[in-house]
Amino acid sequence: MSAYVISEVEVRDVAGFEAYRTIAAKAIAQYGGRYLVRGGAASVVEGGPPPKTIIVVEFPTMERLREWYASPEYAEALKVRQTAIDRRLIFVEGVAPV
C-alpha cells in the first residue's frame, strides 16, 4: 500500500533550501519515491491559517518511506534542512487498492 510524506515548509534560507531540495530529490528517487506536489499554488478553502509551501511525496510502502527517512543519503539533506527551512512533516498511509 502506498504511503505519503506531506510537508508544510517555510523557507528561511533560499540557497540552503535549493541545496536541500537537490539532495532530498536524489534520495527520494533512490528509495522509490516520487513527487506528487512540489510547492504549487495552494489556497485555504476551509479553516486554519494560510498554507505555506506544500510538498507531497508518494512511496510504494510505509516501510520504504521510513527506510528513506532513516537513510544516510537523506541524512545529508537533513543537515542542510536544519538552517534552511522550518517544516511540519507528516507520514500517512494510503488506501488499499480496491
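## Exercises: a surface patch and a pocket

Isoleucine 90 sits in strand 4, which spans residues 85-93. Keep in mind that this is a predicted model.

**Exercise 1.** Work out whether isoleucine 90 is buried, partly exposed or exposed, then find the nonpolar surface patch that includes Ile90.

*Solution.* Start with the relative accessible area, which is 33% for isoleucine 90. Buried means under 20% and exposed means over 50%, so isoleucine 90 lands in between, as partly exposed. Next, look for its partners: Ile90 joins Ile6 and Val92 in a nonpolar patch on the surface. Together the three have about 180 Å² of accessible area.

**Exercise 2.** Describe the largest pocket: its volume, the residues closest to its centre and the make-up of its lining.

*Solution.* First, the volume: the largest pocket holds about 180 Å³ of space. Then the lining, which counts 19 residues, with Ser7, Tyr20, Ile28, Tyr35 and Ile55 closest to the centre. Now sort by element. At least two lining residues come from each of strand 1 (3-11), helix 1 (14-30), strand 2 (34-38), strand 3 (53-59) and strand 4. Helix 1 gives the largest share, five residues. Finally, sort by class: 13 lining residues are nonpolar, three are polar and three are charged.

**Exercise 3.** Locate proline 51, classify its exposure and relate its position to serine 7.

*Solution.* Proline 51 lies in the loop linking strand 2 and strand 3. Its relative accessibility is 30%, so proline 51 counts as partly exposed. As for serine 7, 44 residues separate the pair in sequence, while their C-alpha atoms are 11 Å apart in space.

Conventions
Residues are numbered from 1 along each chain as its sequence is written. This is a predicted model: local features need pLDDT of at least 70, side-chain atom pairs count only at pLDDT 80 or more; totals for chains, interfaces and linings use all residues. Side-chain values use heavy atoms; hydrogens and water are left out. Patches are made of residues with over 30% relative accessible area and no salt bridge: like charges are joined within 9 Å, nonpolar side chains (Val, Leu, Ile, Met, Phe, Trp, Tyr) within 5 Å. Accessible areas come from the Shrake-Rupley method with a 1.4 Å probe; for residues, only the protein chains shown count as cover. A salt bridge is a side-chain nitrogen of Lys or Arg within 4 Å of a carboxyl oxygen of Asp or Glu. Helices (H or I, at least four residues) and strands (E, at least two) are DSSP runs, numbered from the N terminus. Buried means under 20% relative accessible area, exposed over 50%, partly exposed in between (1.4 Å probe, protein chains only). On a 1 Å grid over the protein atoms alone, a cavity is a set of points where a 1.4 Å probe fits but cannot get out, and a pocket is an open set with protein on both sides within 12 Å along at least five of seven lines; lining residues have an atom within 4 Å of a point. Grid points are joined across faces, edges and corners, and a volume is the space filled by probe spheres set on the points. Ala, Val, Leu, Ile, Met, Phe, Trp, Tyr, Cys and Pro count as nonpolar, Asp, Glu, Lys and Arg as charged, and the others, Gly among them, as polar.
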